[in-house]
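Here is a set of exercises to work through with a structure in front of you. Try each task on your own, then read the solution step by step.

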Amino acid sequence: MKHLSDQELMRIVQAGDFSPASEIYDRYSGRIYNFAFRFLRNSEAAEDATQEVFVKMMKHANQFNGEAKLSTWLFSITANWCRDYLRKADNKPKDSDDVLVTLPGPTADLPDRHLEQRQDEQRVRKALEALTAEQREAILLSRYQGLSYAEIAQIAGCSEGAVKTRVFRAMETLKKLLTGESGGDRCLNVVQ
Amino acid sequence: MSECSAMRESMPLLLTEALDPVRRETAHQHIESCVVCSEEWRAHKETWTLLEELPEVEVPARVKTAFLEKVGVAEPAVSNVIPFRGRPVFKWVAQAAAVVVLVGGAYFAGDRNADRIQPTGARIESVTPMQRVASGITPVSLAETRVLDAAALSPEIQGRPAVRNVTCVDCDGSDGQIALSFDVTSRWTVSGHPKDESMLRLSSYMLENEDVASTPSEALDSLRRMYSDPAHADPQIANALANVLRSDAHEGVRIDAVETLTHLPAAVSAQTRDALIEALRSDPNPAVRLKAVEALANMVRDGAVLEPTEVDVLRQKALQQDENPYVRVKVAETLGNMQP
Amino acid sequence: MKIRVSTAVLILCVAAAAQAAPFRQTMTTEQKFSITPGGTFVLENPHGNIDIVGSNVTQIEATLTTLVTAKSEAALAEGRRGSNLIIGGDAKTRIVRTVIARKTNDWSVAVQWNVRVPRNVHVHVVSTSSERIRINDILGSVKVKNFRGNVMIGDVSGSTVVESVNGSIVYATPHPGGNVLLSTVNGNVTATVAGDADFRWVAETGRGDIRTSMQQGLRGAFFGPRFQGTVNAPGGPTITTSTLMGDVHLLAAGASAAKTQSLRQLPLTESPSSRAAQRTNTSGPAVLRRGTVKGLFTYETKMGDVRVQEIQGDARIFTGAGVVQIGAVSGACNVRSHGGPLELGEISGVLTASTRAGDILVDSTRRGGTIATQGGTIRLLYTSGPTTLTSGGGDIIVSQAAASVKAETTSGDVVIGVDRDSKSEKIDAQTKKGNILLHVGPKFGADIDATIVTTDARADTIASELPGLSIRREHVAGKTVVRATGKINGGGQKVVLHATGGDIRISTRALAPTVVKPR
């Protein structure tokens, strides 16, 4: 199976033979899971998402157009699942009621990873949380999955221009939060 | 938009090396010669690098086990044997909004669970005007995949419909079958009450879809005006406009969207508060930010209570030195009118 | 760190007699919390006054007075149950929160806190509304965040940060030991220090004034609306006082507020960029209203609306932020705004109108002029002089042009109706995303050069109801450029139309009238 392309594996599945399931899963589960996890900020939901995306892929294999990339299609299904998940009111991420969780603990309680690295990771997580869902989706697919704007547009169901705007705004927000720099919308040559 | 503003917008593309060589070179030349953009670029790169700090997480093994169980496949044993696979018997078809035409015989292609459409002599032609869907009739989707036997298609093609994206699903003909897949443009007229679910959905789609909405027209203006009438206002429309506000690249379109939101009743547009706050915080055009504040001010006047985080955004905006002073004043007035 | 959360039950010590309407009940309780020297006390209390004073105590000692107000007995009982005290953190960081279970119109709860803390702690307070928050005699730092209610800070040796929205801030410490940031949106800021204190001072206000009684030791300059300087010797902490709508006062201890002087009247160093700001009237009213003004009318304000019915002369108006509404001007009219809409009536002379954000509506300009906004719609009902209109995003609509028009917008439609009697006019209209609609009389003659640049040649088109144009198409860098040129009605002045991502239409139908609401 490993030597077969995605399209070839999908043709087998479309023919009714589900044996490529494991191979396809191994190829893409990491990316799908990490995307869902970073998007939803919830490992349980990310597990559900990953499972359901691949089940859907198998059950509706005939919807796959062999000319497109399988990854694009899988991300599309994942993004739809995640959006539906967030849309349900009780799945909206809630701020913790207890202010105590934001207090820093003594360093002895921190895990083994280097303190600075862990702090950077926390900062990035928090910064991503400050984005809107659309911006987070766009920046996760662009930065972490390396997808083109055309692919992201297909996944998000919007135009490339909209993707460009979302990524730009996401970067502006992330820049402000992570480096403390905000780009003003006034350049040196603005007329007074 | 100034050159520097355009440059900032292109920086994410520069980071992903998605710009063509000419534009990439031009961008780098500008960055090298412009102090402000040089600083921006440095901050962009720093941010991009910092994002790497988010590590990849391993997928728990139970997910694979559960998945394979659901699809009825045993977890494969590790093996070096690569099984031989013959050519699949069935062919696959194109995506949604395509019509598959099968020439010769009753060969089935496509979703094996789809209902087959019986030959009726139907033609591909304009559909005008459409009768209201009576109860008991299954609603038609605006963009549906149709699977037709060639025998179901009339040989007459009237009205010169636009046919595009033609692909050959199966053109070798050796088994006596070929299949063509294509998109065809047809004109629809849909009539109904402004609050019909389907009409709302259709109107939201038109207002939100950039290719439609960013070609301003009297029709879209009339649609916006009609839905800002309190009698017809609906959260779906408000959400569609909010999506335009969040993501349309053109200021004029965003201005239209936020202007319409300003006139919607507060109860309808309550869900769009996120989009308004976001627009106030970061829209590059001052007119959009101004109208976002006016829309929020209307909501507050109608009794809406903002979350502490939203109040904080307003507070910071009021004190933001490089913000347009009129926007700041409007924000301060809105805060002054708020009940805690 | 193990997080410990416990809910303390409020003990009814004093039962006030219930009143007929509304129903009220007051309950008082005493609480004590341990805290280490140098620890941090965090208090979150949504509604109710807060008084915190540093004392010779070794723990936090608080008296809470809870006032429940309700519409009925049952609501009163629910209100009593609906407020809780949550105590968390540890001795190093003690966090105490008053939590109201739910928002309702049937009852409300306000908790007044009177607290004594060890002097050497840090204090953080978060409040939504109160009449006052008072914190005194603290050696550590103080942070306060509130929405409404005055904040009074006194004798705080460490750094101080106060962020309010609608409250005023009063700060008094003879020699601050750390940086001080006092900022509010709608309130005033008053800082009082010892006359010989050394510090750096940063002050800013949008609409109000900056005044001080420490003129003797003050050196500094304005950078736009912000003052930066030092008082007495350099090297001390920085005191930042900032408000958008209120005034800033810096007082020497013992000095009266009446003896203060506005910084704008002091002979301070000016940076060239701030000279423009210096010219403005800092103490102008929020709204300047006039009826009929005879002769030249000149007015500048940093922040404020300007509404004048008629100016029988020239007009020169500047506002840093506000609405400008002028009924009629018999001479030339120059209106500039840094933000806010412009509504101008009949302008007999040349018009120059610009705003950085906002719509512009002009009834008529007889001698034409220049109209520009960096974001917003421009509507000009009539012009009989050469007119240039520019928008940074928004539509441009000229209902009736009896002279040449040049209109450009970054995105939006450009709609120009040429006077039906005009045989020919020079028109130049450009939009980077939108349509161009030109309405002319049936006998209008012109040399037309119309171009659209589009990614969808089927959707965007050039159409003209007047014959004489020929169309050419070419493909450039993935886009289609459609160009229509030719003479209509035998030719005339040049009409250049350029639209990206939209249509161009030349129509002989009359433009529908623009409905303008009465001023």
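The exercises below deal with a predicted model, and each one comes with a worked solution.

**Exercise 1. How far to trust chain B**

Task: Find the mean pLDDT of chain B, and find which of its elements have the lowest and the highest mean pLDDT.

Solution.
- Step 1: Begin with the make-up of the chain. Chain B has 14 helices and four strands, and buried residues make up 33% of its 340 residues.
- Step 2: Look at the confidence of the whole chain. The mean pLDDT is 71, and 66% of the residues of chain B reach 70 or more.
- Step 3: Go through the elements. Strand E1 (residues 99–103) of chain B has the lowest mean pLDDT, 35, while helix H14 (residues 325–336) of chain B has the highest, 93.
- Step 4: Look for a weak stretch. Over residues 79–134 of chain B, pLDDT stays under 50, and for this stretch the model has 110 contacts beyond four places in sequence.
- Step 5: Draw the lesson. Where pLDDT is low, predicted coordinates should not be read in detail.

**Exercise 2. A helix with a kink**

Task: Locate the kink in helix H2 of chain A, and then decide whether A:Ala46 is buried or exposed.

Solution.
- Step 1: Follow helix H2 (residues 21–40) of chain A. A kink of about 50° is centred on A:Tyr28.
- Step 2: Check the surroundings of the helix. Of the 20 residues of H2(A), 14 are buried, so this helix is largely enclosed by the rest of the structure.
- Step 3: Step past the end of the helix. A:Arg41 follows H2(A) and has a positive phi, near 60°.
- Step 4: Move on to A:Ala46, which sits in helix H3 (residues 43–59) of chain A. Count its neighbours: 26 other C-beta atoms lie within 10 Å, so A:Ala46 is buried.
- Step 5: See who the neighbours are. Leaving aside those within four places in sequence, A:Ala46 is in contact with A:Tyr33, A:Ala36, A:Phe37 and A:Leu40. A:Ala46 and A:Ile32 are 14 residues apart in sequence, and their C-alpha atoms are 8.6 Å apart in space.

**Exercise 3. The order of a sheet**

Task: Which strands of chain C stand at the edges of the sheet of 11 strands?

Solution.
- Step 1: Write down the order. The open sheet in chain C runs E23-E25-E27-E29-E31-E33-E35-E37-E39-E45-E41, with parallel pairing.
- Step 2: Read off the two ends. Strand E23 (287–294) and strand E41 (462–464) of chain C each have a single partner strand, so one side of each is left without a neighbour in the sheet.
- Step 3: Add the twist, which averages 5° from one strand to the next.
- Step 4: Zoom in on one pair. Strand E39 (residues 436–439) and strand E45 (residues 504–507) of chain C pair in the parallel sense over four bridges. The bridge partner of C:Ile436 in E45(C) is C:Ile504.
- Step 5: Recall what holds such pairs. Strands of a sheet pair through backbone hydrogen bonds, either parallel or antiparallel.

**Exercise 4. A strand covered on both faces**

Task: Why is strand E14 of chain C largely enclosed, and which strands pair with E14(C)?

Solution.
- Step 1: Count the buried residues. Five of the five residues of strand E14 (residues 189–193) of chain C are buried, so it is largely enclosed by the rest of the structure.
- Step 2: Sort them by face. C:Val189, C:Ala191 and C:Val193 are buried on one side, and C:Thr190 and C:Thr192 are buried on the other.
- Step 3: Find the partners. Strand E12 (residues 169–172) of chain C pairs with E14(C) in the parallel sense over four bridges, and C:Tyr171 stands opposite C:Ala191. Strand E20 (residues 248–252) of chain C also pairs in the parallel sense with E14(C), over five bridges, and C:Ala252 is the bridge partner of C:Val193.

**Exercise 5. Positive phi without glycine**

Task: Where in chain C do C:Asp137 and C:Asn489 lie?

Solution.
- Step 1: C:Asp137 is found in strand E9 of chain C. Its phi is positive, about 60°, although it is not a glycine.
- Step 2: C:Asn489 lies in the loop between strand E43 (479–488) and strand E44 (493–500) of chain C. C:Asn489 has a positive phi of about 50° and is not a glycine.
- Step 3: Check exposure. C:Asp137, with 15 C-beta neighbours inside 10 Å, counts as partly exposed. C:Asn489 is partly exposed, with 17 other C-beta atoms within 10 Å.

Conventions:
Residues are numbered from 1 along each chain as its sequence is written. Chains are lettered from A and ligands numbered from 1 in the order in which they are written. This is a predicted model: local features need pLDDT of at least 70, side-chain atom pairs count only at pLDDT 80 or more; totals for chains, interfaces and linings use all residues. Two strands pair if DSSP finds at least two bridges between them. Helices (H or I, at least four residues) and strands (E, at least two) are DSSP runs, numbered from the N terminus. Axes are lines fitted to C-alpha atoms, for helices over the stretch in contact, and angles run from 0 to 180 degrees between N-to-C directions. pLDDT is the predictor's confidence in each residue, from 0 to 100. Two residues are in contact if their C-beta atoms, placed from the backbone, lie within 7 Å. The bend at a residue is the angle between axes fitted to the seven residues ending there and the seven starting there. A residue is buried if 20 or more other C-beta atoms lie within 10 Å of its own, exposed if 12 or fewer, and partly exposed in between; C-beta atoms are placed from the backbone.
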